[in-house]
Amino acid sequence: MTVRLGTCLTLSLCLSATCGAAQERIPPEVFLDAIVGKTLTFHAFPDGWFIGTEEFLRRDLSVWRQRDDVCIYGRITIENEQICFDYDGLANMPVCWATFSDGDRFLVMHGGLGDFEIQEVTSISEDGLSCPVKPGV
């Protein structure tokens, strides 16, 4: 789902209306602490369209398996209270997330120039993605 939003205030109101009153912002450091060493599956919210699966190898490195099973490694940084990814070979990056919880589920929101997309973490596992090891990783 892509939602046109003008400001962070509008973004917060959208999340509150969409996800309920229990929604709260998670600092990027806390989110990373919870997911490093785990593999997360993402679906678009609220329509459920499969986005991909990402394994968080370290606080500064992840590997994302896209819908077509291609694995792309990404460097992770924290910028402006968001988790940002610079993926190998993708020119229109980095992608930055604002991270939220809604009860027992995680939501991430990313976008730029007023276009925001909400994704829901639909599963978290200890299983790796079996992607080829990148040299120097």
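In this predicted model, T41 touches F50, G52, T53, E120, V121, T122 and S123, leaving aside residues up to four places away in sequence. T41 belongs to strand β3, which covers residues 39–44. With a relative accessibility of 15%, T41 counts as buried, because buried means under 20% relative accessible area.

**Aromatic rings**

Let us turn to the rings next. The structure holds eight aromatic pairs. One of them joins F56 and F85: the ring centres lie 6.2 Å apart and the planes meet at 65°, so this pair is edge-to-face. The cut-off behind that label is a plane angle over 60 degrees. The F56 and F85 pair also links distant parts of the chain, as its two members are 29 residues apart. F56 sits in strand β4 (residues 50–58), while F85 sits in strand β7 (residues 82–87). Are these two residues buried or exposed? F56 is buried, with 1% relative accessible area, and F85 is buried as well, at 1% relative accessibility.

F56 and F85 have further company: together with F31, F42, W64, Y87, W97 and F106, they form one aromatic cluster.

Another ring has a charge as its partner. The charged end of R25 sits over the ring of F100, at 5.5 Å from the ring centre.

**Backbone features**

Now for the backbone. In general, most peptide bonds are trans, and most residues other than glycine have a negative phi. Where does this chain depart from that pattern? The peptide bond from F45 to P46 is cis, with omega near 10°. P46 is in the loop between β3 and β4.

Two residues, N80 and S130, have a positive phi although neither is a glycine. Here they are side by side.

| Residue | Phi | Place | Relative accessible area |
|---|---|---|---|
| N80 | about 50° | loop between β6 (71–79) and β7 | 74%, exposed |
| S130 | about 60° | segment after β10 (115–125) | 73%, exposed |

N80 counts as exposed because its relative accessible area of 74% is over 50%. The same cut-off applies to S130, so at 73% S130 is exposed too.

If you would like to follow these features in the structure, T41 in strand β3 is one place to begin. From there you can look at F56 in strand β4 and F85 in strand β7, then at P46 in the loop between β3 and β4, and finally at N80 in the loop between β6 and β7 and S130 in the segment after β10.

Note on methods:
Residues are numbered from 1 along each chain as its sequence is written. This is a predicted model: local features need pLDDT of at least 70, side-chain atom pairs count only at pLDDT 80 or more; totals for chains, interfaces and linings use all residues. Side-chain values use heavy atoms; hydrogens and water are left out. Rings of Phe, Tyr and Trp (its six-membered ring) pair if their centres lie within 6.5 Å; planes under 30 degrees apart count as stacked, over 60 as edge-to-face and the rest as tilted. Helices (H or I, at least four residues) and strands (E, at least two) are DSSP runs, numbered from the N terminus. Buried means under 20% relative accessible area, exposed over 50%, partly exposed in between (1.4 Å probe, protein chains only). A charge sits over a ring if NZ of Lys or CZ of Arg is within 6 Å of the ring centre and within 35 degrees of the ring normal. Contact means heavy atoms within 4.5 Å.
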